[in-house]
Amino acid sequence: MTPTPHAPHTPKGQEALEARDALAAALSRAGIQLPAMDIRTPWADDRKAEAQYALIHLGVCSAPVALMLADVITKGIAG
């Protein structure tokens with residue numbers, strides 16, 4: 001995955017990018033792809049101020065993909 005315009009070049013933005021990429025890789029290994037994964041940063045009142053956090057936006061998915069996610073999570077919990 002490549003950086004998105006929503007991801008600032010800050011430590012928190014980099015952390016979110018790395019987390020998004022790790023999650024995408026793990027999902028890919030499980031045969032699941034969420035094509036709309038993105039990084040979102042809430043802006044401070046002063047847009048020049050560094051964001052305090054960044055969010056990983058997972059986007060939407062179809063019912064079959066949601067069922068695949070549920071199955072992988074359930075199997076992971078069961079160990």
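The exercises below work through a predicted model of one protein chain.

Residues are numbered from 1 along each chain as its sequence is written. In this predicted model, local features need pLDDT of at least 70, side-chain atom pairs count only at pLDDT 80 or more, totals for chains, interfaces and linings use all residues, and side-chain values use heavy atoms, without hydrogens and water.

**Exercise 1. Lay out the fold.**

Task: State the secondary structure of the protein chain and its pattern along the sequence.

Solution:
- Start with the elements: helices (H or I, at least four residues) and strands (E, at least two) are DSSP runs, numbered from the N terminus.
- The protein chain has 2 helices and 2 strands.
- Along the sequence the pattern reads α-β-β-α.
- Next, contacts, meaning heavy atoms within 4.5 Å. Among those in the protein chain with a separation of 6 or more, 47% join residues 24 or more positions apart.

**Exercise 2. Decide where to trust the model.**

Task: Find where confidence is lowest and highest among the elements of the protein chain.

Solution:
- The scale is pLDDT, the predictor's confidence in each residue, from 0 to 100.
- The protein chain averages 83, and 78% of the residues score at least 70.
- Confidence is lowest in β1, with a mean of 89, and highest in α2, at 94.
- Over residues 2–6 the pLDDT is below 50; this stretch still has 10 contacts in the model beyond near neighbours in sequence.
- Where pLDDT is low, the predicted coordinates should not be read in detail.

**Exercise 3. Check the geometry of α1 and find its buried side.**

Task: Compare the span of α1 with the expected value, then locate its buried residues.

Solution:
- α1 covers residues 11–29.
- The expected span of a helix is 1.5 Å times one less than its number of residues. For the 19 residues of α1 this gives 27 Å, and the end C-alpha atoms are 27 Å apart, so the two agree.
- Now burial: buried means under 20% relative accessible area, exposed over 50%, partly exposed in between (1.4 Å probe, protein chains only).
- The buried residues in α1 are G13, A16, L17, R20, A24 and L27. They cover an arc of only 100 degrees around the axis, so they sit on the same side of α1. The arc is that of the directions from the helix axis to the C-beta atoms.
- P11 and R29, on the other side of α1, are exposed.
- The cover over the buried residues of α1 includes β1 (38–40), β2 (55–57) and α2 (63–78).
- After α1 comes G31, with a positive phi near 80 degrees.

**Exercise 4. Contrast with α2.**

Task: Work out why α2 lies largely in the open.

Solution:
- α2 has 16 residues and reaches 22 Å from first C-alpha to last, close to the 22 Å expected.
- Of these 16 residues, the number buried is 1, so α2 lies largely in the open.
- G79 follows α2, and its phi is positive, near 75 degrees.

**Exercise 5. Place three residues.**

Task: Classify R20, Q14 and D38 as buried, partly exposed or exposed, and add their links.

Solution:
- R20 lies in helix α1. Its relative accessibility is 1%, so R20 counts as buried.
- The side chains of R20 and D21 share a polar contact of 3.1 Å. Such a contact is a pair of N or O atoms within 3.5 Å; within protein, one must be able to donate a hydrogen and the other to accept it, and residues adjacent in sequence count only if both atoms are side-chain atoms.
- Q14 is also in α1. At 40% relative accessibility, Q14 counts as partly exposed.
- Q14 and I39 are 25 residues apart along the chain; their C-alpha atoms are separated by 9.8 Å.
- D38 belongs to strand β1. With a relative accessible area of 11%, D38 is buried.
- A polar contact of 3.3 Å joins the side chains of D38 and R40.
- The C-alpha atoms of D38 and D21 are separated by 9.9 Å, with these positions 17 residues apart along the chain counted as their separation.
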